[in-house]
Amino acid sequence: MISIVGNDKLAVTVENFIKAKRIPHAILIEGEYGTGKHTLASFLTKAILCESENAPCLSCKHCHLADISSHPDITVIAPEDGKKNISVSQIRDLRDQTIVIPHSALKRVFLIDCADTMNQSAQNALLKVLEEPPKTVMFILIAENKSALLNTIISRCVTLSLTTPELSVALDYIKSKTNFEETLIKEALTSEKNNIGRALDVLNGVLSQGSESDAKAFLKAAIDCDRYTMLKIALPYQKSRIDADKFIKDLKFLIAKKIRHSKNSYFSKPLLSIYEELGDFQSSLITNINLNLLFSNLTSSMTEHIRRNK
Ligand SMILES: [Zn+2]
């Protein structure tokens, strides 16, 4: 039985189609960062490839190879290094590969990670193979922002939507998996609106690579109420929701650190308000909000908080 924290109904649905051996040939797993999309995708992949009666048995060669990302019948497609989008040529390659028969399992799984980064032509190319896939081919699409996908793609997939759990459920889960103090876990979960993945990032002090120094400079400019510099620094992060999300996450991490180390309550008060508001900006990323507008509002609101407390 799969456990997807706080998504019990969805777990039952998944169990049922696995037991009935009726796993849909195209599945879209959607949900915000940190909700367990990859855990679910990995479970489903094993359920597809495992040949045991109680698939996924988690002990056969298929399950084992899938676990160590070495199964020859799993192909992962994601934006290439340094690129923000899955290109149409990657999808054309995928289409060519779908006609190759499986190497060792009965099926081949094509896992399209960050499926919402496919542009329209890539999505149209995928559509062709989604419409009439070879019998041996299964697709799993993973996306944070389902609205970036064409309706024609969505309608050909069975959508599994993951949501964040209730606080008590998330708290019990992190407590069972880590040694952090309960008060710290609670604090992280509350600030991250019960999102387990993000709360774990905060607890583990994870910062995205590259944007850390930008986030620092951005925060400094905010403290100086210099909106012009803030907007200039944020410009490269307004090109995609994934980048914007990473940037805001880094900013939140830096601010949380500053609040923890600040003995000056005049300083930490506006930071706390900013921190709380950043969570709302981050949530709005899953809507269709224009990124330029989002950053414009963000910079104006941050400088306003600082100014009010000066
Ligand atoms: Zn197995």
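A residue is termed buried if 20 or more other C-beta atoms lie within 10 Å of its own, exposed if 12 or fewer do, and partly exposed in between, with C-beta atoms placed from the backbone. The model is predicted: local features need pLDDT of at least 70, side-chain atom pairs count only at pLDDT 80 or more, and totals for chains, interfaces and linings use all residues. Residue numbers start from 1 along each chain as its sequence is written.

**Exercise 1.** Determine which residues of α8 are buried and how α8 packs against α9.

*Solution.*
Step 1. Helices are DSSP runs of H or I with at least four residues, numbered from the N terminus. Helix α8 spans residues 182-191 and helix α9 residues 196-204.
Step 2. I185, A188, L189 and S191 are the buried residues named in α8.
Step 3. With axes as lines fitted to C-alpha atoms over the stretch in contact, and angles from 0 to 180 degrees between N-to-C directions, the two helices pack at about 130°, their axes 8 Å apart.
Step 4. Angles under 35 degrees count as roughly parallel, over 145 as roughly antiparallel, 65 to 115 as roughly perpendicular and the rest as oblique; α8 and α9 are therefore oblique to each other.
Step 5. Contact requires C-beta atoms, placed from the backbone, within 7 Å. On this criterion L184, I185, A188, L189 and S191 of α8 meet A199, V202 and L203 of α9.
Step 6. These contact residues divide into seven nonpolar, one polar and no charged, where Ala, Val, Leu, Ile, Met, Phe, Trp, Tyr, Cys and Pro count as nonpolar, Asp, Glu, Lys and Arg as charged, and the others, Gly among them, as polar.

**Exercise 2.** Establish whether M230 and S3 are buried or exposed.

*Solution.*
Step 1. M230 is located in helix α11 (residues 227-234). Because 24 other C-beta atoms lie within 10 Å, M230 is buried.
Step 2. Beyond neighbours within four places in sequence, M230 is in contact with F218, A221, A222 and T299.
Step 3. S3 belongs to the segment before α1 (8-19). S3 has 12 other C-beta atoms within 10 Å and is therefore exposed.

**Exercise 3.** Identify the residues with the most contacts inside the largest nonpolar core.

*Solution.*
Step 1. A nonpolar core is a set of buried Ala, Val, Leu, Ile, Met, Phe, Trp, Tyr and Cys residues joined through C-beta atoms within 7 Å.
Step 2. The largest has 59 residues, and I29, L44, I140, L141 and I142 have the most contacts inside it.
Step 3. Apart from this core lies another, of 23 residues, among them A215, F218, A222 and L251.

Technical notes:
Two residues are in contact if their C-beta atoms, placed from the backbone, lie within 7 Å.
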